Amino acid sequence: DENRLSLLLYLRESAEIDDTYDISFCRLIILCGIWGMIWQGLQTEAVLGKPKHSDAASKLRHQEILQTLKCFVLNMPEEETPSHDASSTLLYELVQMHLHMPFEEVELFAGKGDQNDARHALPLLSDWASSEEARKAIWHAGQVLRAAEQFAPAQLRGFYTIALYQANLALW
């Protein structure tokens, strides 16, 4: 059926999602697709050894992802519940946080690697810490924590605890 919505169609054309779909599930699928776009960029930068946003292609990709996230917010119908879907809100904020921070360097500096790794990460993090990107990442990290508060008791587990860890690391 050519009228069926696909992730590819949504990401290419910012198609609207109507209420015949499971909106909560669609949100998660779309955000995972957007995360895939971010992950691809991070892997490319790691292979090429380029710092984040160091060339025109990286900057353009960053802007495309931001535009896709903006369209996601505009085209997604609101849920009827007051706090809508905490899991998709948390994932949205996590994706935004990762888009604005050099997470691998933060992890290395926090002790994931050895002392040498931390020393190599420090100059990049020092520059990043005073940037607008850092302020955006930290704001979104706070929003991850806020979204976590909306989860029902005993429902915050698995992937969402990792998201909380990452948000706390960004705030640290």
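This passage describes the confidence, nonpolar core, salt bridges and a surface patch of a predicted model.

The structure is a predicted model, and the mean pLDDT of its protein chain is 81, with 80% of the residues reaching 70 or more. Confidence varies among the elements of the chain: helix α7, which spans residues 132-149, has the highest mean pLDDT, at 94, whereas helix α1, covering residues 7-13, has the lowest, at 65.

The largest nonpolar core comprises 35 residues, of which Ile34, Ile65, Leu69, Leu90, Met97 and Met101 touch the most other members. At least two residues of this core are supplied by each of the helices α2 (23-48), α3 (56-75), α4 (86-99), α5, α6 (115-129), α7 and α8 (159-171), and the largest share, eight residues, comes from α4. In soluble globular proteins, nonpolar side chains tend to be buried together. The surroundings of Leu69 illustrate the contacts made by one of these core residues: when neighbours within four places in sequence are left aside, Leu69 is in contact with Leu31, Ile34, Tyr92, Val95, Gln96 and Leu99. Among these partners, Ile34 is itself listed with the core residues that touch the most other members.

The count of salt bridges in the model comes to three. Side chains of opposite charge can pair when their charged atoms come close. In one of the three, Arg61 pairs with Glu64, and the closest N and O atoms are 3.5 Å apart. Because Arg61 and Glu64 are three residues apart in helix α3, they are separated by about one helical turn. Arg61 has a relative accessibility of 29% and therefore counts as partly exposed, and Glu64, with a relative accessible area of 38%, is likewise partly exposed.

A salt bridge within helix α7 joins the side chains of Lys136 and Glu132, with an N to O distance of 3.3 Å. Lys136 and Glu132 lie four residues apart in this helix, a spacing of about one turn. Lys136 counts as partly exposed at 30% relative accessibility, and Glu132 is also partly exposed, with a relative accessible area of 48%. Helix α7, in which both residues lie, is the element with the highest mean pLDDT.

The remaining pair brings together the side chains of Lys112 and Glu107, which meet in a salt bridge at 3.4 Å from N to O. Glu107 is placed in helix α5, which runs over residues 103-110. The two partners differ in their exposure: Lys112, with a relative accessible area of 61%, is exposed, whereas Glu107, at 15% relative accessibility, counts as buried, because buried residues are those under 20% relative accessible area. Apart from residues up to four places away in sequence, Glu107 touches Lys112, Tyr165 and Leu169, so that its salt-bridge partner Lys112 is included among these contacts.

Helix α5 also holds Phe109, a residue that is partly exposed, with a relative accessible area of 35%. Together with Leu122 and Trp172, Phe109 forms a nonpolar patch on the surface, and the accessible area of the three residues together is about 340 Å². Helix α5 therefore contains both the buried Glu107 and the partly exposed Phe109, and also supplies at least two residues of the largest nonpolar core.

Key
Residues are numbered from 1 along each chain as its sequence is written. Side-chain values use heavy atoms; hydrogens and water are left out. Buried means under 20% relative accessible area, exposed over 50%, partly exposed in between (1.4 Å probe, protein chains only). Contact means heavy atoms within 4.5 Å. pLDDT is the predictor's confidence in each residue, from 0 to 100. Patches are made of residues with over 30% relative accessible area and no salt bridge: like charges are joined within 9 Å, nonpolar side chains (Val, Leu, Ile, Met, Phe, Trp, Tyr) within 5 Å. Accessible areas come from the Shrake-Rupley method with a 1.4 Å probe; for residues, only the protein chains shown count as cover. A salt bridge is a side-chain nitrogen of Lys or Arg within 4 Å of a carboxyl oxygen of Asp or Glu. A nonpolar core is a set of buried Ala, Val, Leu, Ile, Met, Phe, Trp, Tyr and Cys residues joined through side-chain atoms within 4.5 Å.
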